[in-house]
Amino acid sequence: MKKLQTLIVGMLLFVVFGCSNKDNIYISGEILNPGNVKVVAFYEGERKLDSVFLSDQNKFKFERPATQLGC
């Protein structure tokens, strides 16, 4: 399970971060050939911040309040 979490966090590094005038952060992406993976988790260090289910098209989207201003 730890390797899967590391893989997911690694994939998140390649996700494009959107920036707008809103105070939210959006992270979205698609996992190709996810196998049995149905949930994507978002971590900050060892702390799990959020998790979302993959859609039927293997896509995910996180939306969180920004903790720091600026882009």
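Two strands count as a pair if DSSP finds at least two bridges between them. Keep that rule handy, because strand pairing comes up below in this predicted model. The chain has 71 residues, and 20% of them are buried. Its secondary structure comes to one helix and four strands, arranged along the sequence as α-β-β-β-β.

**Overall layout**

- Reading along the chain, you meet the helix and then the four strands, giving the pattern α-β-β-β-β.
- The strands are S1 (24–30), S2 (39–44), S3 (47–53) and S4 (59–65).
- Now look at contacts between residues with a separation of 6 or more: 49% of them link residues that sit 24 or more positions apart.
- Serine 28 gives you a taste of this kind of separation: it lies in strand S1, and its C-alpha atom is 5.5 Å from that of phenylalanine 60, although 32 residues separate the two along the chain.
- Is serine 28 buried, exposed or something in between? It counts as partly exposed, because its relative accessibility is 39%, and that value falls between the cut-offs of 20% and 50%.

**The S2–S3 hairpin**

- S2 and S3 run antiparallel and are joined by six bridges. The rule asks for at least two, so these strands pair.
- Which residue of S3 is the bridge partner of tyrosine 43? Look for lysine 48.
- Alanine 41 has a bridge partner in S3 too, namely serine 51.
- While you are tracing these strands, remember that side chains in a regular strand alternate between the two faces of the sheet.
- The hairpin has two residues between its strands, and glycine 45 takes a positive phi near 65° there.

**The salt bridge**

- How many salt bridges does the structure hold? There is one.
- Glutamate 44 and arginine 47 are the partners, and their closest N and O atoms are 3.1 Å apart. That fits within the 4 Å limit, so the pair qualifies.
- Arginine 47 has a relative accessible area of 53%. That is over 50%, so this residue counts as exposed.

**The largest pocket**

- The largest pocket has a volume of about 300 Å³. Twelve residues line it, and the closest to its centre are Ile25, Phe42, Glu44, Leu49 and Thr67.
- Glu44 may ring a bell: glutamate 44 is also the salt-bridge partner of arginine 47.
- S1, S2, S3 and S4 each supply at least two residues of the lining.
- By class, the lining has eight nonpolar, one polar and three charged residues.

**The loop between S1 and S2**

- Asparagine 33 lies in this loop. Its phi is near 50°, a positive value in a residue other than glycine.
- Asparagine 33 counts as exposed, because its relative accessibility is 76%.
- Lysine 38 has its place in the loop between S1 and S2 as well, and with a relative accessible area of 53% it is exposed.
- Leaving out residues up to four places away in sequence, lysine 38 touches Val52, Phe53 and Leu54.
- The C-alpha atoms of lysine 38 and aspartate 56 are separated by 9.6 Å, and the two residues are 18 apart along the chain.

**The loop between S3 and S4**

- Leucine 54 sits in this loop. Why does leucine 54 count as buried? Its relative accessible area is 14%, and buried means under 20%.
- Setting aside residues up to four places away in sequence, leucine 54 touches Ile31, Pro34, Val37, Lys38, Val40, Lys59 and Phe60.
- Val40 is one of those contacts, and the C-alpha atoms of leucine 54 and valine 40 are 6.9 Å apart, with the residues 14 apart along the chain.
- Asparagine 58 is found in the loop between S3 and S4 too. Its phi is positive, near 65°, and it is a residue other than glycine.
- Asparagine 58 counts as partly exposed, because its relative accessibility is 25%.

Notes. Residues are numbered from 1 along each chain as its sequence is written. This is a predicted model: local features need pLDDT of at least 70, side-chain atom pairs count only at pLDDT 80 or more; totals for chains, interfaces and linings use all residues. Side-chain values use heavy atoms; hydrogens and water are left out. A salt bridge is a side-chain nitrogen of Lys or Arg within 4 Å of a carboxyl oxygen of Asp or Glu. Buried means under 20% relative accessible area, exposed over 50%, partly exposed in between (1.4 Å probe, protein chains only). On a 1 Å grid over the protein atoms alone, a cavity is a set of points where a 1.4 Å probe fits but cannot get out, and a pocket is an open set with protein on both sides within 12 Å along at least five of seven lines; lining residues have an atom within 4 Å of a point. Grid points are joined across faces, edges and corners, and a volume is the space filled by probe spheres set on the points. Ala, Val, Leu, Ile, Met, Phe, Trp, Tyr, Cys and Pro count as nonpolar, Asp, Glu, Lys and Arg as charged, and the others, Gly among them, as polar. Contact means heavy atoms within 4.5 Å.
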